[in-house]
Structure formats: C-alpha cells, structure tokens
Amino acid sequence: MSKDAVHSAQAASRTDVARVPADAGDAGYSKDLKARHVNMIAIGGAIGTGLFLGAGGRLHTAGPALALAYLVCGVFAFFVVRALGELVLYRPSSGSFVSYAREFLGEKGAYVAGWMYFLNWSTTGIADITAIALYTHYWSLFTDIPQWTLALIALAVVLAVNLISVKIFGEMEFWFAIIKVATLVGFMLIGIFLLATQHEVDGGTPGPSVITDNGGVLPHGAMPVVLVMQGVIFAYAALELVGVAAGETAEPEKVVPRAVNSIMWRVGLFYVGSVVLLALLLPGSVYSADESPFVTVLSKIGLPAAGDVMNLVVLTAAMSSLNSGLYSTGRILRSMATAGSAPKFTARMNRSQVPYGGILLTCAVCVLGVGLNYLMPSQAFEIVLNVASLGVISTWVIIMICHLVFVRRARAGLVTRPSFRLPFSPATEITTVAFLLACLGMMWNDPEVGRRTLLLIPVVAALLVGGWFGIRHRVERTADRELTDLTD
C-alpha cells in the first residue's frame with residue numbers, strides 16, 4: 001500500500017485519527033514527567049563531560065578561541081532544538097524525530113534516523129561506562145577493582161533506575177543536573193572572585209594579559225579551532241532529549257517552549273562563560289586532556305579536595321549521560337518496533353509503562369563495551385567516541401530536514417505550524433545542515449581520529465542498506481495492517 005493512500009485514509013476519517021495515536025508507539029506511556037524534570041533534562045543535555053572534562057584538551061589545542069567555537073556550535077545546536085521543539089508542539093511523540101521522519105520522510109527516513117540514533121547512544125553508553133570506571137579509579141579505594149567490573153556495576157545501577165519508572169528517571173536527571181549546575185556556578189563565582197581581586201593563580205595574575213602574553217586568542221592559528229568543532233558538537237549531544245521527554249509530560253505546549261528557549265542563555269553562560277574564565281585564569285598550554293580544566297585551576301590555587309569534588313561531578317555527568325541514553329533509545333526503538341523496523345521485543349512495556357525491550361537492547365550493546373574495557377581498557381573510550389559522533393551529526397541533520405519538509409507542507413496548507421517556530425526558515429535549516437556536513441568533512445584534516453571516523457561511513461551505510469532489505473517486507477505488512485485498522 002502506498003504512503004499517499006495511507007495519508008488519504010487518515011485525512012478521510014478525522015474521527016478515527018482522534019481515536020488512534022498518530023504514532024502507534026506513543027500509546028501506553030504515563031505522563032509523569034513534570035515541568036521541572038523537562039527543564040532539568042534540557043540543562044543536563046547541555047552540560048556534560050564535554051565541558052567538565054573535554055574542555056581541558058580543547059583549550060590546550062585551540063586556545064581561548066575555543067569560546068568562539070562553543071558559541072558557534074551552540075547557536076546551531078539551538079536551531080536544531082528549536083526546530084525539534086516546533087515539531088513537538090505540532091505533535092508530541094515519545095518517538096520524537098523518528099516519528100517525524102516517518103511522517104515527513106517516509107519509513108526509510110525513520111529507519112535511518114532511528115538506527116543512527118541507536119548507534120549514537122549505544123556507543124556513547126560504552127564511552128560513559130568506560131568514563132565512569134576511569135573516574136572511579138581516581139579514588140584509591142577502587143584502584144584494585146578491574147575497569148570492566150566497575151563498568152558493569154555502573155551499567156547495572158543505571159539500568160535498574162530506568163526500568164522502575166519514568167518518574168524515577170526524571171528525578172535522577174533532576175538531581176544530576178542540580179549537581180552539575182551548582183558546580184559550574186560555584187566555579188564561576190570563584191573565577192570571578194580571582195579576577196576581581198587579582199589573586200595569583202599558578203604564579204601569574206589573572207586577566208586579559210594571560211591571553212595576550214601567551215599567543216593571543218589564536219595561539220596555534222585557526223585550523224585547530226576548526227578541528228575541535230566536531231568534538232564541540234558532540235559536547236552538545238543530548239539536547240534533543242527534550243523532544244523525547246515531551247511525549248511523557250502532561251502539558252508539552254507549556255513546558256517545551258520554556259525549556260527550549262532557555263537552552264540559548266545556558267549555552268552562553270555555562271559553556272562560553274566558563275571557557276572565557278578558564279582562558280583568563282591560566283594559559284591554554286597549562287590545561288590538558290587528562291584532567292578537568294576546573295580541577296587544574298582549583299589545584300593551582302591550593303583549594304583542598306578540588307580533585308575529589310570535580311571527579312565526583314564528572315562521574316555524575318557520565319552517569320547522567322548513560323541514564324539519558326537508555327531512556328531515549330528505549331522510546332525510539334519502541335516507535336520503530338511498532339512500524340516494523342526494529343525487533344518486536346523492543347516494543348514491550350512493563351507494568352510501570354517503561355519500554356524495557358529497547359532499553360535492554362541498548363544495554364546488550366553496552367555489555368559488549370564491558371568486554372572492550374576488558375580487552376583494550378586504554379583505547380575503549382576513543383574508539384566508541386568516534387563512532388558516536390557520526391550518530392550525533394546524522395540525527396541533527398535528519399531533524400532539520402524533517403522540519404524543512406514540515407514547513408513546506410504547512411505552506412501548502414497540509415499541516416498547521418504552531419506559534420512557537422524556528423525563525424528564518426528555510427535559510428536556518430539549510431545553513432545548519434551545511435554547517436554540520438562541513439564539520440563532518442573537516443574531520444578529514446585530522447588523520448589520527450577524524451579520518452578514521454569518516455572511513456567508517458561506508459561501513460555504517462552498508463549495514464543500514466543490508467538491514468533495510470532484511471526488514472522492508474515486515475515494514476510494508478505493518479503499514480498495510482495500520483491502514484486496514486484505520487479504515488475499518
């Protein structure tokens with residue numbers, strides 16, 4: 001049965017459409033996420049290990065201009081979330097952008113969007129449990145415990161939290177975000193105090209002279225700033241969680257615009273503000289990829305237990321990321337399973353209205369990561385992070401393409417745009433997609449990491465094509481069955 005026939009049948013029977021969810025995968029969820037949960041999920045998505053840990057190595061490589069990189073990438077990240085927010089208000093769905101890809105790009109688009117997102121979060125989950133194990137080894141109490149054991153324990157704890165209920169997930173994310181925000185605010189207050197009082201930091205006086213006396217804003221030229229863009233984009237990954245969470249909140253039309261609009265000032269304050277402060281306090285050459293830049297500053301001023309506090313925070317950030325990954329992939333896979341493009345068991349829900357099938361599938365991939373930690377503990381983090389970056393960029397590109405098609409249909413009178421809109425369409429979507437693809441292309445200039453990542457694209461594409469031919473008949477049967485149910 002053709003897609004047009006399905007749309008015609010839907011338009012012909014408004015009563016049936018009102019009875020049946022627009023996405024069959026949306027049925028059965030509770031609406032237990034409150035406004036404070038969604039707001040903090042938005043904050044938690046915007047603040048993670050990309051800032052707490054990754055900013056150190058990037059400052060060393062790119063210098064103070066890293067703040068500009070965070071600002072530019074933050075603007076495009078905001079465009080992506082704003083576009084997704086408009087789609088959410090048009091039709092809230094726990095399937096989020098996969099559900100929108102199905103409507104605006106067809107089942108093939110939803111298939112690619114869903115499995116690339118799964119690739120992103122399942123590999124990010126491996127990176128998270130690896131990071132958790134590494135951070136835990138910081139304390140001597142855990143030094144003798146093998147890295148793979150700690151990774152497995154972390155996975156088991158977060159899995160248990162996700163399976164209990166969405167409310168418990170929301171509470172966990174709420175408090176994780178509180179810890180991260182409180183830490184950043186505390187550091188920024190300390191940094192401002194050091195600047196205002198001209199307190200010595202590592203034998204030098206903080207201020208603009210720290211930048212001008214150490215090579216200026218671009219100490220190593222513009223190319224290092226360009227090359228870190230891909231890593232900066234990955235730091236913003238998880239912002240799209242707002243769209244997934246909206247499917248389990250009672251009033252998305254009130255909650256989502258507030259959460260989305262607040263992302264921009266959070267990016268400016270927390271990311272750009274923190275990096276500017278770090279650059280004014282110490283030269284970029286002092287920071288390193290092996291240590292949180294916040295720990296570097298606090299240790300230079302002799303603050304006791306700074307390392308312990310920040311290690312606890314980055315551990316929290318990694319746990320938050322793993323928690324979010326299991327939550328979102330569970331919902332996305334359920335949306336796909338109801339359309340026939342994911343295994344049937346991923347559509348199953350438990351008594352607490354949690355899609356445990358999809359969560360367990362993501363955990364199964366993460367268990368492979370536990371094996372990776374056993375076999376190659378020193379390389380596990382870098383290997384999976386490269387793969388995850390492909391998933392992030394592809395997900396954001398698909399969101400913008402979906403929004404572009406949505407706007408075109410609205411102009412044709414086929415759908416109605418909500419009042420909460422992405423500004424300057426279609427220029428915003430086209431510019432954002434071009435920027436994301438350019439970031440992907442620029443990775444070729446990094447032979448050690450970026451080039452290897454790009455060489456994975458044909459492999460991933462071949463797997464997607466092979467998978468589609470394996471499930472396309474099931475997808476067609478599912479579509480025919482839905483059409484029959486809709487027209488009866």
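What pLDDT does the chain average, and what share of the residues score at least 70? This is a predicted model, so that's a sensible place to start: the average is 83, and 90% of the residues reach a score of at least 70. Confidence isn't even along the chain, though. Helix α20, covering residues 427–442, comes out highest with a mean of 93, while helix α2, residues 14–19, sits lowest at a mean of 36. In fact, the pLDDT stays below 50 over residues 1–21, and in the model this stretch has 17 contacts beyond near neighbours in sequence.

Now let's head inside. The largest nonpolar core has 158 residues, and Phe-52, Tyr-70, Ile-233 and Tyr-236 are the ones with the most contacts inside it. Take Ile-233 as an example. Leaving out residues up to four places away in sequence, Ile-233 touches Cys-73, Val-392, Ile-393, Trp-396, Phe-435, Leu-436 and Cys-439. As a rule of thumb, nonpolar side chains in soluble globular proteins tend to be buried together.

Phe-52 turns up again when you look at Thr-183, a residue of helix α10 (residues 166–197). Setting aside residues up to four places away in sequence, Thr-183 touches Phe-52, Met-310 and Val-313. Is Thr-183 buried or exposed? Thr-183 counts as buried because its relative accessible area is 17%, and the cut-off for buried is under 20%.

Leu-361, in helix α18 (residues 356–375), falls on that side of the cut-off too: its relative accessibility is 19%, so it counts as buried. Its contacts, again not counting residues up to four places away in sequence, are Trp-115, Phe-118, Leu-333, Phe-345 and Thr-346. You can also see the chain folding back here: Leu-361 and Leu-326 are 35 residues apart along the chain, yet their C-alpha atoms are separated by 9.2 Å.

Next, go back to helix α20 and find Met-442. With a relative accessible area of 23%, Met-442 is partly exposed. Apart from neighbours within four places in sequence, Met-442 is in contact with Val-226 and Leu-227. The C-alpha atoms of Met-442 and Met-223 are separated by 9.7 Å, although their positions lie 219 residues apart along the chain as a sequence distance.

Finally, have a look at the outside. Which residues make a nonpolar surface patch of about 240 Å²? They are Trp-148, Leu-152 and Val-367. Leu-152 belongs to helix α9 (residues 147–164), and its relative accessible area of 37% makes it partly exposed.

Note on methods:
Residues numbered from 1 in each chain as written. Predicted model: local features only at pLDDT ≥ 70, side-chain atom pairs only at ≥ 80, totals over all residues. Heavy atoms only, no water. pLDDT = per-residue confidence, 0-100. Helix = DSSP H or I, 4+ residues; strand = E, 2+ residues; numbered from the N terminus. Contact = heavy atoms within 4.5 Å. Patch = residues over 30% accessible without salt bridge, like charges linked within 9 Å, V, L, I, M, F, W, Y side chains within 5 Å. Areas by Shrake-Rupley, 256 points an atom, 1.4 Å probe, with all protein chains shown as cover. Salt bridge = Lys/Arg side-chain N within 4 Å of Asp/Glu carboxyl O. Buried < 20%, exposed > 50% of the residue type's maximum accessible area, 1.4 Å probe, protein only. Core = buried A, V, L, I, M, F, W, Y, C linked by side-chain atoms within 4.5 Å.
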